[in-house]
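Got your viewer ready? Load the model, pick a cartoon view, and follow along one selection at a time.

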Amino acid sequence: MNSLIKKYEGCFLVAYKCPAGVWTIGYGNTNVDGVPVYEGMSITQDRAEVLLSEWIENEVKPYISDLNLKGKQLEAIISLVYNVGGPAFKKSKLRQAILNKDYESVCREWDFGFKSNLKGIYKRRVEELFLFISEI
């Protein structure tokens, strides 16, 4: 269920600065047990897996539970919301398009207006969208 997140976030067991300059660890976590990630922090692979699962349960699923998605669509939207954040997704045109089953708008809004020079972001968005629309 988390294969896209794992593919695009990667797992780092020692803290590193992400392209935005924020200390990050695991699969893109910026804090661990309420403590901001700091230089030199390290975790185990098992802890990284738990952090990922907890984040999805607490910070992603509450924002998508009313969409009633399953399978590939659920995996795609979890990856997207994990990356852009629940609050941003909640107020998005994309969320409304999904609720309305307006798939033309879903395709148009999927990029989420994300402006980045990171090719990985574009690849991720394309793969998420492909996964989502493959079950329409």
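Is tryptophan 110 buried or exposed? Select tryptophan 110 and turn on a surface: this residue is buried, with a relative accessible area of 1%. That falls under the 20% cut-off for buried. Keep in mind as you click around that this is a predicted model.

**Stop 1: the whole chain**

Zoom out for the overview. The protein has seven helices and four strands. Starting at the N terminus, the order of elements reads α-β-β-β-β-α-α-α-α-α-α. The radius of gyration comes to 15 Å, close to the 14 Å that the globule rule gives for 136 residues, so the protein is as compact as a globular protein of that length. If you want a box around it, the C-alpha trace spans about 45 × 30 × 25 Å along its principal axes.

Now colour by accessibility: 39% of the 136 residues count as buried. For a contact map, take the contacts between residues at least 6 apart in sequence; 49% of these join residues at least 24 apart.

**Stop 2: aromatic pairs**

How many aromatic pairs does a search of the whole structure find? The search turns up two. Begin with phenylalanine 12 and tyrosine 16: their ring centres are 4.5 Å apart and their planes sit at 50°, so this pair is tilted. Planes have to be under 30 degrees apart to count as stacked and over 60 to count as edge-to-face. Phenylalanine 12 is partly exposed, at 38% relative accessibility, and tyrosine 16 is partly exposed too, at 22%.

Next, go back to tryptophan 110 and add phenylalanine 132. Here the ring centres are 5.2 Å apart with the planes at 45°, so this pair is tilted as well. Tryptophan 110 lies in the loop between helix 6 (103-109) and helix 7 (119-133), while phenylalanine 132 belongs to helix 7, so the pair ties together parts that are 22 residues apart in sequence. Like its partner, phenylalanine 132 is buried, with a relative accessible area of 1%.

**Stop 3: the largest pocket**

Hide the rings and look for empty space. Rolling a probe the size of a water molecule over the atoms shows where such space is left. The largest pocket holds about 710 Å³. To centre your view on it, select Glu9, Cys18, Pro19, Asn83 and Ile121, which lie nearest its centre among the 22 lining residues.

Which element gives the most to the lining? Helix 7 does, with three residues. Helix 1 (3-9), strand 1 (12-17), helix 3 (71-84) and helix 7 each supply at least two residues of the lining. Colour the lining by residue class and you get 12 nonpolar, eight polar and two charged residues.

**Stop 4: two positive phi angles**

Finish with the backbone. Most residues other than glycine have a negative phi, so here are two to check on a Ramachandran plot.

- Select aspartate 33, in the loop between strand 3 (31-32) and strand 4 (35-36). Aspartate 33 has a positive phi of about 55° although it is not a glycine, and the residue is exposed, with a relative accessible area of 59%.
- Then jump to lysine 101, in the loop between helix 5 (93-99) and helix 6. Lysine 101 also has a positive phi of about 55° without being a glycine, and is exposed at 57% relative accessible area.

How values were computed: Residues are numbered from 1 along each chain as its sequence is written. This is a predicted model: local features need pLDDT of at least 70, side-chain atom pairs count only at pLDDT 80 or more; totals for chains, interfaces and linings use all residues. Side-chain values use heavy atoms; hydrogens and water are left out. Rings of Phe, Tyr and Trp (its six-membered ring) pair if their centres lie within 6.5 Å; planes under 30 degrees apart count as stacked, over 60 as edge-to-face and the rest as tilted. Buried means under 20% relative accessible area, exposed over 50%, partly exposed in between (1.4 Å probe, protein chains only). On a 1 Å grid over the protein atoms alone, a cavity is a set of points where a 1.4 Å probe fits but cannot get out, and a pocket is an open set with protein on both sides within 12 Å along at least five of seven lines; lining residues have an atom within 4 Å of a point. Grid points are joined across faces, edges and corners, and a volume is the space filled by probe spheres set on the points. Ala, Val, Leu, Ile, Met, Phe, Trp, Tyr, Cys and Pro count as nonpolar, Asp, Glu, Lys and Arg as charged, and the others, Gly among them, as polar. The radius of gyration is taken over C-alpha atoms; the globule rule is 2.2 Å times the number of residues to the power 0.38. Contact means heavy atoms within 4.5 Å.
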